[in-house]
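Here is a set of exercises to work through with the model open beside you. Try each task before you read its solution.

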Number of protein chains: 2
Amino acid sequence: MAERISRNTFIMDSPPLIRSYAAIGGKMEGEGPLSKCFDQIYEDAYFGQETWEKAEGELIRLTVLKALEKGNLSKDDINFMIAGDLMNQCTTTSYGLRDLEIPLICVYGACSTMSESLMLAALMTDSGIGGNVAAATSSHFCSAERQFRFPLSYGGVRTPTAQWTCTASGACVLSPHEEGKGPVVKAATIGKIIDMGVTDANNMGAAMAPAAAYVIKTHLQDRKMSPEDFDLIVTGDLGRVGGTLLIELLGKDGIDIASRYKDCGTMIYNTSEQDVHAGGSGCGCSASVLCGYFLDKIKCGEYKNILFCATGALMSPTLTQQGESIPGISHAVHIGC
Amino acid sequence: MAERISRNTFIMDSPPLIRSYAAIGGKMEGEGPLSKCFDQIYEDAYFGQETWEKAEGELIRLTVLKALEKGNLSKDDINFMIAGDLMNQCTTTSYGLRDLEIPLICVYGACSTMSESLMLAALMTDSGIGGNVAAATSSHFCSAERQFRFPLSYGGVRTPTAQWTCTASGACVLSPHEEGKGPVVKAATIGKIIDMGVTDANNMGAAMAPAAAYVIKTHLQDRKMSPEDFDLIVTGDLGRVGGTLLIELLGKDGIDIASRYKDCGTMIYNTSEQDVHAGGSGCGCSASVLCGYFLDKIKCGEYKNILFCATGALMSPTLTQQGESIPGISHAVHIGC
């Protein structure tokens with residue numbers, strides 16, 4: 001079983017296998033540099049549904065089913081799922097995955113959800129209680145804009161620091177360790193809420209960067225590791241603004257990640273050509289880049305170790321309107337081969 | 001470590017100790033039959049804050065701190081927390097617990113959250129990775145009404161099947177098994193979403209009853225147990241309407257729980273004298289009745305085994321307005337001495 005080596009960092013004893021994974025994206029994601037990495041691209045933003053919210057539910061459902069299909073698994077082979085999303089009351093997960101009839105643990109970590117669900121799935125699998133455990137999340141540009149900022153039909157102008165919520169989903173299935181097979185989850189650190197007082201709902205990267213800095217620093221220090229022990233340190237969706245801030249923040253602590261830092265939010269789009277401003281965001285951003293791009297790269301041996309830190313801005317329009325700042329959180333998951 | 005005996009039922013190997021727990025309620029809860037069970041009652045619905053949302057954040061913060069105080073623990077003694085709430089984007093948890101600086105796993109299960117967080121905390125503790133793990137949740141009548149139905153100032157008339165969202169919070173701290181000490185968590189079943197097509201946002205009990213029936217039946221069958229093996233089978237907030245339905249549903253499967261069934265939602269208020277219609281509801285309902293009433297009864301030996309099944313209606317005003325029905329979920333946790 002997993003060993004806790006500090007307050008909140010865990011090393012897996014028999015690193016759980018990520019035996020199957022899938023990523024599905026929308027039109028914008030299909031026009032970006034990672035277009036070939038997605039298992040499927042849907043041009044129809046409605047995914048055949050009547051509303052944006054139902055579209056997102058269909059997106060996560062299709063992605064979980066694709067992950068099962070790629071692993072030659074049926075839904076009855078999955079013991080339980082750990083999933084969540086951005087929509088109020090986690091409705092994408094509740095409604096989208098309802099018909100699968102798989103026991104469900106629903107989590108909320110804003111855009112950090114893929115780290116959170118993957119970490120919990122790995123800890124439970126390594127503890128001997130998991131059989132096949134699925135972890136999934138998603139986001140949708142249109143449903144997220146309506147909920148967090150303005151309905152699209154309002155035509156609000158986006159600021160330079162704003163990010164573009166990805167229409168994308170990633171899902172994976174974990175099972176107990178099998179010798180010689182990968183990718184596997186090797187370790188994890190549970191993050192904590194860090195709030196440095198950012199109040200701009202159009203600058204989420206800055207709100208999340210301190211939480212990412214905390215969890216990366218804690219993970220490295222707890223394990224007496226340096227950034228060089230990883231091929232890459234990957235954040236979820238800090239974008240260009242937040243990413244620069246993260247490198248600065250860690251630099252002040254003598255931790256230089258610049259040469260091995262990647263952010264899913266800047267990878268998923270061509271930020272100079274696509275109209276996404278500071279980059280991609282949303283739960284589905286890091287989830288789809290992990291399940292569509294990184295896991296294959298680890299499986300084929302191109303990367304041996306990455307530290308995957310999806311980043312969440314725990315933002316609520318209600319609390320922001322009440323003058324509150326935006327707390328951030330990030331969980332770190334060491335994935336390797 | 002815990003053993004999985006079926007798809008989704010787990011038996012603890014060394015049942016984790018619930019070493020400390022606390023419950024705080026509001027004015028209405030202080031006027032109910034369980035008033036003496038709360039550690040504190042706050043007459044001020046604002047809990048000294050400016051808004052209902054901030055009030056609920058303060059409520060959960062005070063409750064977690066009270067649980068720590070009763071266990072002679074400081075916040076640094078807690079390895080991590082598992083918590084969640086009803087408010088959009090789990091803001092009660094994010095904002096209320098932000099300043100405690102305790103690593104956080106945020107979960108969402110609507111009013112089933114106390115079962116969900118307790119189950120996860122127990123599974124992780126029994127797997128050897130937990131030290132002290134806190135589990136908490138809360139709800140607030142005023143913030144919930146504004147979000148899910150109507151702002152209070154609108155003066156909407158409530159229907160006979162409507163329930164009253166409790167202004168209450170419950171928190172507990174789990175730690176590894178200690179011989180001869182209790183209460184302990186002995187087993188758990190992860191629930192799944194059941195949706196029987198209920199569309200009435202004022203009849204949550206009916207929406208949740210099938211999910212409770214599923215998890216109770218599954219838990220009993222997986223363990224080859226009967227209702228008589230428990231002193232009580234407790235649901236979270238089915239209220240009078242949902243509770244009657246649950247007994248009927250299980251009766252059809254030949255499982256008779258009538259003589260040992262209790263519902264926190266009907267226990268917390270005097271439903272014939274207080275203006276709560278079908279009973280109490282909200283995450284804080286089952287959490288505060290568990291942490292304020294049941295855990296003491298188990299500790300002193302009055303009850304030896306209860307099956308605690310907090311019940312959640314995964315309801316979203318947005319999806320309800322789009323014609324969707326309300327999915328329910330419930331997780332079962334066997335607590336004993």
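**Exercise 1: How the two copies are related**

Chain B is superposed on chain A by a rotation of 180° with 0.0 Å of shift along its axis, at an RMSD of 0.0 Å. This is a predicted model, in which local features need pLDDT of at least 70, side-chain atom pairs count only at pLDDT 80 or more, and totals for chains, interfaces and linings use all residues. Residues are numbered from 1 along each chain as its sequence is written, while chains are lettered from A and ligands numbered from 1 in the order in which they are written.

*Task.* Work out which kind of axis relates the two copies, and find which residue of chain B comes closest to the rotation axis.

*Solution.*
- Step 1. Start from the superposition, which is a least-squares fit on the C-alpha atoms of residues with pLDDT of at least 70 in both copies.
- Step 2. The rotation is 180° and the shift along the axis is 0.0 Å. The two copies are thus related as by a two-fold rotation axis.
- Step 3. Now look along chain B: the C-alpha of B:Val107 comes closest to the axis, at 2.0 Å.

**Exercise 2: The contact between the chains**

*Task.* Describe the side of chain B that touches chain A: which elements supply at least two residues each, and how do its residues divide by class?

*Solution.*
- Step 1. Count the residues: 51 come from chain B and 51 from chain A. Two residues are in contact if their C-beta atoms, placed from the backbone, lie within 7 Å.
- Step 2. List the elements of chain B that each give at least two residues: α2 (52-70), β5 (80-85), α3 (91-96), β6 (104-106), α4 (113-126) and α10 (317-321). Helices (H or I, at least four residues) and strands (E, at least two) are DSSP runs, numbered from the N terminus.
- Step 3. Pick out the largest share, which is the 4 residues from α4(B).
- Step 4. Sort by class: this side of chain B has 25 nonpolar, 16 polar and 10 charged residues. Here Ala, Val, Leu, Ile, Met, Phe, Trp, Tyr, Cys and Pro count as nonpolar, Asp, Glu, Lys and Arg as charged, and the others, Gly among them, as polar.
- Step 5. Compare the two copies: 100% of the interface residues of chain B are also interface residues in chain A, so the copies meet through the same surface.

*Task.* Take one residue, B:Gln322, and find which residues of chain A it is in contact with.

*Solution.*
- Step 1. Locate B:Gln322 in the loop between α10 and β16 (328-330) of chain B.
- Step 2. Leave aside neighbours within four places in sequence; B:Gln322 is then in contact with A:Thr51, A:Glu53 and A:Lys54.
- Step 3. Check its surroundings: B:Gln322 has 16 other C-beta atoms within 10 Å and is partly exposed. A residue is buried if 20 or more other C-beta atoms lie within 10 Å of its own, exposed if 12 or fewer, and partly exposed in between, with C-beta atoms placed from the backbone.

**Exercise 3: A helix and the residue after it**

*Task.* Is α2(A) mostly covered or uncovered, and how does its span agree with what is expected?

*Solution.*
- Step 1. The expected span of a helix is 1.5 Å times one less than its number of residues. For the 19 residues of α2(A) this gives 27 Å, and its end C-alpha atoms are 27 Å apart, which agrees.
- Step 2. As for cover, 16 of the 19 residues of α2(A) are buried, which makes this helix mostly covered.
- Step 3. Just past α2(A), A:Asn72 takes a positive phi of about 55°.

**Exercise 4: Backbone details in chain A**

*Task.* Where do A:Phe47 and A:Cys90 lie, and which bond joins A:Gly182 and A:Pro183?

*Solution.*
- Step 1. A:Phe47 sits in the loop between β4 (40-41) and α2 (52-70) of chain A. Its phi is positive, near 45°, in a residue other than glycine, and with 20 C-beta neighbours inside 10 Å it counts as buried.
- Step 2. A:Cys90 belongs to the loop between β5 (80-85) and α3 (91-96) of chain A. Its phi is also positive, about 45°, and A:Cys90 is buried, with 29 other C-beta atoms within 10 Å.
- Step 3. A cis peptide bond, with omega about 0°, joins A:Gly182 and A:Pro183. A:Pro183 is in the loop between β9 (168-175) and β10 (184-189) of chain A.
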